[in-house]
There are 2 protein chains.
Amino acid sequence: MLYTVGEMARAVGIPASTLRYYDQEGLLPFVERSRGGMRMFTDKDREALTVIDCLKKSGLSIREIRAFMAMAAEGDASIERRLALFRARRDAVRQQMADLERTLELLEYKCWYYETARQAGSEEAVRRLSEEQVPPERRAARRRLSCGE
Amino acid sequence: MLYTVGEMARAVGIPASTLRYYDQEGLLPFVERSRGGMRMFTDKDREALTVIDCLKKSGLSIREIRAFMAMAAEGDASIERRLALFRARRDAVRQQMADLERTLELLEYKCWYYETARQAGSEEAVRRLSEEQVPPERRAARRRLSCGE
DNA sequence: ATAGACCTTAAAGTATACTTGAAGTCAAGT
DNA sequence: ACTTGACTTCAAGTATACTTTAAGGTCTAT
């Protein structure tokens, strides 16, 4: 099955203009052309685009993704390096999730804070609460907030 | 305790130039000045900066954070709206974490893929593996990759 | 063969969030 | 008083990743 750039754009949920931009930036060296010059994507290309999108979501820049695609084009000789790259991205995403977990805790603390302030009718009342009057699961975030990071 | 912009920058781990930029953009309407015109941050300001950083990490733009700081400056009248904002950010971060979880699964599949390819000496060998030859915990990601999103 | 949808390239424009540089001022120690 | 480091503002520069526009070519159906 072959797809034009617009069809592939719909299939992977990325604008056609972005696919053209990626091609221009050397991220899609594998894409074939029709006799008239139109890009013809295959199902294997769709798979590659999914990987590109995954790498982007992991925090890689266009430049770094290009370097990866160049490795992929080298074939089996670069397996070791590609493995190292995916392990690094895996670890980076785990770190991002841990960071988001801390952000989430602070947001949950703030939700509790404003829920309580709404009931009390003022923020000041919540600020004056002592440690024991704060739900145990909110105390860590509260301390981070008041005692610096 | 009072801090200059450089001291506060070190305390919260944000460049002084960024703090000045935030001030210029209206994110820090609360910061006082010395007689000579220098910014003087308090511990309460540090707390506000931690919240600003948290909102930024949750995906809010400078413009949106400014709107929030304006609400905060309104006082208790905006408690309800601020609660709504924090709930929305909390939900957004939970969604981000769920998305990262999917990204992580694909990265973990790719790690397995290249580990296996390294042992086999070629990618093609791994590609030819049938579903049952793939570890159960990697199958979902593999299917997403080959059958489209 | 012709219409119309969709494609092509190149270049310029946009958005966001800073960062840097220049010229000058402030604050603290000796 | 003077030096030194850190501060001030304003304007311009940077980085990244697209998006848009213009002029024109391709593909498919009728």
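**Exercise 1.** In which helix do Tyr109(B) and Tyr113(B) both lie, and how many residues apart are they?

*Solution.* In this predicted model, the two tyrosines belong to helix H5 of chain B, which spans residues 79-120, and they are four residues apart, about one turn of the helix.

**Exercise 2.** Classify the ring pair Tyr113(B) and Tyr114(B), and state whether each of the two residues is buried or exposed.

*Solution.* A pair of aromatic rings is described by the distance of the centres and the angle of the planes. For Tyr113(B) and Tyr114(B) the centres are 4.9 Å apart and the planes stand at 85°; since an angle over 60 degrees counts as edge-to-face, the pair is edge-to-face. Next, burial requires a relative accessible area under 20%: Tyr113(B), at 3%, is therefore buried, and Tyr114(B), at 2%, is buried as well. Finally, ring pairs link both residues into a cluster with Phe68(A), Phe86(A), Tyr109(B) and Trp112(B), while Lys110(B) lies over the face of Tyr113(B), at 4.3 Å from the ring centre.

**Exercise 3.** Describe how the protein meets DNA strand C, beginning with the residues that surround the strand.

*Solution.* DNA strand C is surrounded by 19 residues, and among the closest are Arg20(A), Arg39(A) and Thr18(B). Of the strand's atoms that come within 4 Å of the protein, 85% are from sugar and phosphate. Turning to individual side chains, an N or O atom of Arg20(A) is 2.7 Å from a phosphate oxygen of the strand, and for Arg33(A) the corresponding distance is 3.0 Å. By class, the surface near the strand holds seven nonpolar, eight polar and four charged residues, and its largest share, four residues, comes from H2(B).

Notes
Residues are numbered from 1 along each chain as its sequence is written. Chains are lettered from A and ligands numbered from 1 in the order in which they are written. This is a predicted model: local features need pLDDT of at least 70, side-chain atom pairs count only at pLDDT 80 or more; totals for chains, interfaces and linings use all residues. Side-chain values use heavy atoms; hydrogens and water are left out. A residue is near a molecule or strand if one of its heavy atoms lies within 4 Å of it. A polar contact is a pair of N or O atoms within 3.5 Å; within protein, one must be able to donate a hydrogen and the other to accept it, and residues adjacent in sequence count only if both atoms are side-chain atoms. Ala, Val, Leu, Ile, Met, Phe, Trp, Tyr, Cys and Pro count as nonpolar, Asp, Glu, Lys and Arg as charged, and the others, Gly among them, as polar. Buried means under 20% relative accessible area, exposed over 50%, partly exposed in between (1.4 Å probe, protein chains only). Rings of Phe, Tyr and Trp (its six-membered ring) pair if their centres lie within 6.5 Å; planes under 30 degrees apart count as stacked, over 60 as edge-to-face and the rest as tilted. A charge sits over a ring if NZ of Lys or CZ of Arg is within 6 Å of the ring centre and within 35 degrees of the ring normal.
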